[in-house]
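Hello! Let's go through this structure together by way of a few questions.

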Amino acid sequence: MEFSWSKEDKEVRARAQEFTEKALFPYELHIEETDTPDPKVEAGIVQALNDYALNAANQPVEYGGQAMSVVQQCILWEEAGKATNALWGRVWMPPICLQAGTPEQIEKYLVPSCSGAILSAFCTSEPDAGSDAGALKTWAVADGDDYVINGEKSFASNAEFADFMLLTTFIDGDPSKATIFLVDKDTPGVKARCLPHFSARTGWGHPELDILDLRVPASHILGEIGQGFELTKDWFVEARLGCAGRSVGAAIRGTELALAFACERRQFGSRIVDFQGIEFMLADMATDIMAAKSMLYRLAAEIDAGLDRKSAHARASAVKLFTTEMAFRVLDKAQQIFGGRGLMRENPVERLVRDVRFERVWEGTSEIQKVVIAGQLKKRGLANYVN
Ligand SMILES: Cc1cc2nc3c(=O)[nH]c(=O)nc-3n(C[C@H](O)[C@H](O)[C@H](O)COP(=O)(O)OP(=O)(O)OC[C@H]3O[C@@H](n4cnc5c(N)ncnc54)[C@H](O)[C@@H]3O)c2cc1C
């Protein structure tokens, strides 16, 4: 296949680079030191993202998005992924499934999400339903023109601050009726039970929620009853490429820092970069990044060129698996090259190690990506991965 960066791609990279360096890097240590970021900092980042025209890169212009190609979205994730403490999370791309909303829902939820005026939380995971989303116990039962929802949610990222939730439920407990409800903030019936502490700061929390007799009008269903999982399929491809882009960016920043340090640091009368043990680590890191970056942009370009949905889904699993595992390998080496200085939280490499650990778990763990890939191999053979 032919692939080269277009003039527009290069322009997006330059803008994304400048935004990351000017609007995200200065706040990395602020986030490291505070559980709740200063609202003025948050507001400044929102403003900067809009000023750089990098908001809602995945949404059409008519809704206030930037309508970027998939390649350009990956470029944006790669650049933002260089910022530690998950500051990339401020680069919002509203869930694409919101496009399936009614005109009223699009006006109320999607359009303001594109400008960053409101924030959403996507709540699917539950205590007994992690990788196995078919085991959801949050059920909705019809009552007149409303539905009454009961259950629990885990890892509800942003839920405490979000203006609305996309809440995945089974109607009448029936998995074939998986349905997403749009739930406004402060609707009675949603209570944060606890706010677990995670190994890296992610700015916003990931509370566990109790859902007790939550009453939501039927008009708040997104798409059709039973379309819940179908609506999230395209989102999964996008989300997995997001993990991949950020992983590539994190690995690049960590490697650049480790290389610069290795060229400067002297032990036993030599630069440590001249010790073969260090040289070989750096060589492996560069090779790993090159492989990961190649596969990411190849798939992104294929999707832009109209790759069918099934193949995109199958290949996105392989890209997510390789790139996220790659970032962890690479950053572990970068941390080792820094010696004791690699364990200081002031060092971006130390923070990147903690950040990329998450990428191997959310949006489908590495093991689940292997389940998807193996399933494809059994159904369709190797073609999807070699052609
Ligand atoms: C910080 C954070 C934020 C998150 N944000 C959100 C969010 O906003 N919304 C949301 O809905 N979810 C969110 N999640 C949840 C995330 O998607 C799940 O953690 C993930 O899907 C794994 O589920 P689990 O943690 O329950 O692990 P489990 O599914 O219990 O898995 C435990 C282990 O078993 C392995 N395993 C499971 N099934 C198989 C299998 N078939 N074959 C081989 N191995 C298997 C897994 O790979 C893993 O190693 C978030 C998670 C984290 C950590």
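The questions below cover the core and then the ligand.

This is a predicted model, in which local features need pLDDT of at least 70, side-chain atom pairs count only at pLDDT 80 or more, and totals for chains, interfaces and linings use all residues. Residues are numbered from 1 along each chain as its sequence is written, and side-chain values use heavy atoms, with hydrogens and water left out.

Q: Which helix gives the most residues to the largest nonpolar core?
A: A nonpolar core here is a set of buried (under 20% relative accessible area, 1.4 Å probe, protein chains only) Ala, Val, Leu, Ile, Met, Phe, Trp, Tyr and Cys residues joined through side-chain atoms within 4.5 Å. The largest one has 65 residues. With eleven residues, the top contributor is H7.

Q: Between which domains does this core lie, and why?
A: Domain bounds come from an automatic or database domain assignment. Both domains in question give residues to the core, so it lies between domain 1 (7–115) and domain 3 (229–386).

Q: At what distance is a polar side-chain atom of Ser-125 from a nitrogen atom of the ligand?
A: A polar contact is a pair of N or O atoms within 3.5 Å. Phe-122 offers a polar backbone atom to a ligand nitrogen at 2.7 Å. For the side chain of Ser-125, the distance to a ligand nitrogen is 2.7 Å.

Q: How much of the ligand's exposed area does the protein bury?
A: Accessible areas come from the Shrake-Rupley method with a 1.4 Å probe. Taken alone, the ligand exposes 970 Å². The share of this buried by the protein is 62%.

How values were computed: Buried < 20%, exposed > 50% of the residue type's maximum accessible area, 1.4 Å probe, protein only. Helix = DSSP H or I, 4+ residues; strand = E, 2+ residues; numbered from the N terminus. Polar contact = N/O pair within 3.5 Å; in protein donor to acceptor, adjacent residues only side chain to side chain.
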